[in-house]
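User: Could you take a close look at a single helix of this model and at the surroundings of its buried side chains? I would like one connected account rather than a list.

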Amino acid sequence: AHGLARNAMAVYDRAAGAVALEKRASVYQLYIAKAAEYFGVTKTRDIYEAAIGALPSSEAPSFCLRYANLERKLGEIDRARAIYMH
């Protein structure tokens with residue numbers, strides 16, 4: 001089952017880079033949700049960072065806020081602060 005989850009993550013990763021810009025945010029949302037479900041929320045950090053870098057400036061801030069809120073909930077105040085400054 002773990003191999004299937006890893007394969008699914010690879011598919012989401014490729015899809016996020018391949019879809020049209022206007023659909024990219026929704027693919028990243030699904031990717032983050034599935035990564036959290038399969039591997040736990042700490043495994044979503046790399047995906048959030050990739051999303052923030054790959055999304056248009058109109059959509060990146062909402063991902064920054066979600067990412068910072070996640071870090072705050074995990075007690076990672078310094079990480080959250082750094083994301084807010086991004």
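Analyst: What follows is a close reading of helix α4 and of the aromatic and charged groups around it.

The model is a predicted one, and side-chain atom pairs were counted only at pLDDT 80 or more. Helix α4 covers residues 60–73; with its 14 residues it reaches 20 Å from its first C-alpha to its last, which is close to the 20 Å expected at 1.5 Å a residue. Just after α4, Gly75 takes a positive phi of about 80 degrees.

The buried residues of α4 are Ala60, Phe63, Cys64, Tyr67, Ala68, Leu70 and Glu71. Because they cover an arc of only 155 degrees around the axis, these residues lie on the same side of α4. The elements against which the buried residues of α4 pack are α2, α3 and α5, the last of these spanning residues 77–85.

Part of the relation between α4 and α3 can be followed through individual side chains, beginning with Arg45, which is found in helix α3, residues 45–54. Arg45 has a relative accessibility of 15%, and it therefore counts as buried, the limit being under 20%. Leaving aside residues up to four places away in sequence, Arg45 touches Tyr67, Glu71, Leu74, Glu76 and Arg79; among these, Tyr67 and Glu71 also belong to the buried residues of α4.

The aromatic side chains add a further view, for the structure holds 5 aromatic pairs. One of them is formed by Tyr12 and Tyr31, which are stacked at 6.0 Å centre to centre with 25 degrees between the planes. This pair links distant parts of the chain, since Tyr12 is in helix α1, residues 2–18, and Tyr31 is in helix α2, residues 21–39, with their positions 19 residues apart in the count. Tyr12 counts as buried because its relative accessibility is 18%, and Tyr31 counts as buried at 9%.

Another pair involves α4 itself: Tyr48 and Phe63 are arranged edge-to-face, at 6.5 Å centre to centre and with 65 degrees between the planes. Here too the pair links distant parts of the chain, with Tyr48 in helix α3 and Phe63 in helix α4, 15 residues apart, and both Tyr48 and Phe63 are buried. Phe63 has a charged partner as well, as the charged end of Arg66 sits over the ring of Phe63, 4.6 Å from its centre.

Note on methods: Residues are numbered from 1 along each chain as its sequence is written. This is a predicted model: local features need pLDDT of at least 70, side-chain atom pairs count only at pLDDT 80 or more; totals for chains, interfaces and linings use all residues. Side-chain values use heavy atoms; hydrogens and water are left out. Helices (H or I, at least four residues) and strands (E, at least two) are DSSP runs, numbered from the N terminus. Buried means under 20% relative accessible area, exposed over 50%, partly exposed in between (1.4 Å probe, protein chains only). Contact means heavy atoms within 4.5 Å. Rings of Phe, Tyr and Trp (its six-membered ring) pair if their centres lie within 6.5 Å; planes under 30 degrees apart count as stacked, over 60 as edge-to-face and the rest as tilted. A charge sits over a ring if NZ of Lys or CZ of Arg is within 6 Å of the ring centre and within 35 degrees of the ring normal. The expected span of a helix is 1.5 Å times one less than its number of residues. The arc is that of the directions from the helix axis to the C-beta atoms.
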